[in-house]
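Student: I should like a close look at a single part of this structure, followed outward to whatever it touches. Please treat it as one connected account.

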Amino acid sequence: MEKSGGGLETELRLGLPGGEVEMKNEKGVFNEGKMYVKVSMDGAPFLRKVDLTMHKGYSELVRALEDLFGCFGIGEALKEDEENYEFVPIYEDKDGDWMLLGDVPWEVFAESCKRLRVMKKVEANGVGLHAKDLLKGLSKVD
């Protein structure tokens with residue numbers, strides 16, 4: 001807030017007069033306790049936003065992503081014993097690192113997530129993002 005002459009304080013906010021107020025920070029747009037992050041999916045020509053505060057864990061978030069993009073099986077990559085999946089959900093944390101969804105506790109993820117991406121498994125293996133596949137590859141060599 002900025003003080004102007006006569007002791008009055010003014011505050012700049014984004015939004016229409018009389019409407020909801022949006023405040024921005026480095027993670028995204030906050031609107032009355034909501035936290036939106038952008039989501040992209042390989043092959044989809046559009047971006048979406050999800051509110052992380054609407055979900056209590058990874059399983060709820062993955063179901064929402066599947067509904068959002070009309071694509072099922074995104075959550076299969078998070079299962080320990082699952083090998084047949086097409087998509088890998090990853091996220092960018094506040095340090096700019098891309099990580100596999102589910103690698104850290106939900107609370108840590110919710111605090112550090114800047115954006116989400118659902119990428120094809122083939123591309124994820126090339127980037128080395130999926131530790132489960134890397135470990136399987138190493139065990140086949142032994």
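Tutor: In this predicted model, Asp 42 is buried because its relative accessible area is 15%, under the 20% limit. The side chain of Asp 42 forms a salt bridge with that of Arg 117, at 3.0 Å from N to O. This pair links distant parts of the chain, since Asp 42 sits in the loop between strand 5 and strand 6 while Arg 117 belongs to strand 9 (residues 115-120), 75 residues apart. Arg 117 has 26% relative accessibility and therefore counts as partly exposed.

The loop that carries Asp 42 is part of a hairpin: strand 5 and strand 6 have six residues between them, and Gly 43 in the turn has a positive phi of about 90 degrees. The two strands, residues 34-41 and 48-51, run antiparallel and are joined by four bridges. Val 39 has Arg 48, in strand 6, as its bridge partner.

The loop between strand 5 and strand 6 also holds Phe 46, which is paired with Phe 69 of helix 1, 23 residues apart. The ring centres of Phe 46 and Phe 69 are 6.0 Å apart and the planes lie at 15 degrees, so the pair is stacked. Phe 46 is partly exposed, at a relative accessible area of 33%, whereas Phe 69 is buried at 13% relative accessibility.

Strand 9 takes part in another salt bridge as well, and two are found in the whole structure. Here the side chain of Arg 115 meets that of Glu 92, at 2.5 Å from N to O. Arg 115 lies in strand 9 and Glu 92 in strand 7 (residues 87-92), so parts 23 residues apart in sequence are tied together. Arg 115 is partly exposed, with a relative accessible area of 40%, while Glu 92 counts as buried at 10% relative accessibility.

From the salt bridges the account passes to the nonpolar interior. The largest nonpolar core has 23 residues, and Leu 116 is among those with the most contacts inside it, along with Val 50, Leu 52, Leu 61, Leu 101 and Phe 109. Strand 5, helix 1 (58-69), strand 7, helix 2 (106-112) and strand 9 each supply at least two of its residues. Helix 1 gives the largest share, five residues. Beyond its neighbours within four places in sequence, Leu 116 is in contact with several residues, including Val 37, Val 39, Val 50, Leu 61, Ile 90, Tyr 91 and Phe 109. Apart from this core lies another, of six residues, among them Ala 77, Val 88, Ile 90 and Met 119.

Phe 109 also belongs to an aromatic cluster, which it forms with Tyr 58, Tyr 91 and Trp 106. The structure has five aromatic pairs. One of these is Tyr 58 with Trp 106: the ring centres are 5.2 Å apart and the planes at 90 degrees, so the arrangement is edge-to-face. Tyr 58 lies in helix 1 and Trp 106 in helix 2, so the pair ties together parts 48 residues apart in sequence. Both rings belong to buried residues, Tyr 58 with a relative accessible area of 15% and Trp 106 with 12%.

Technical notes: Residues numbered from 1 in each chain as written. Predicted model: local features only at pLDDT ≥ 70, side-chain atom pairs only at ≥ 80, totals over all residues. Heavy atoms only, no water. Pairing = 2+ DSSP bridges. Salt bridge = Lys/Arg side-chain N within 4 Å of Asp/Glu carboxyl O. Buried < 20%, exposed > 50% of the residue type's maximum accessible area, 1.4 Å probe, protein only. Core = buried A, V, L, I, M, F, W, Y, C linked by side-chain atoms within 4.5 Å. Contact = heavy atoms within 4.5 Å. Phe/Tyr/Trp six-rings, centres within 6.5 Å; stacked < 30°, edge-to-face > 60°.
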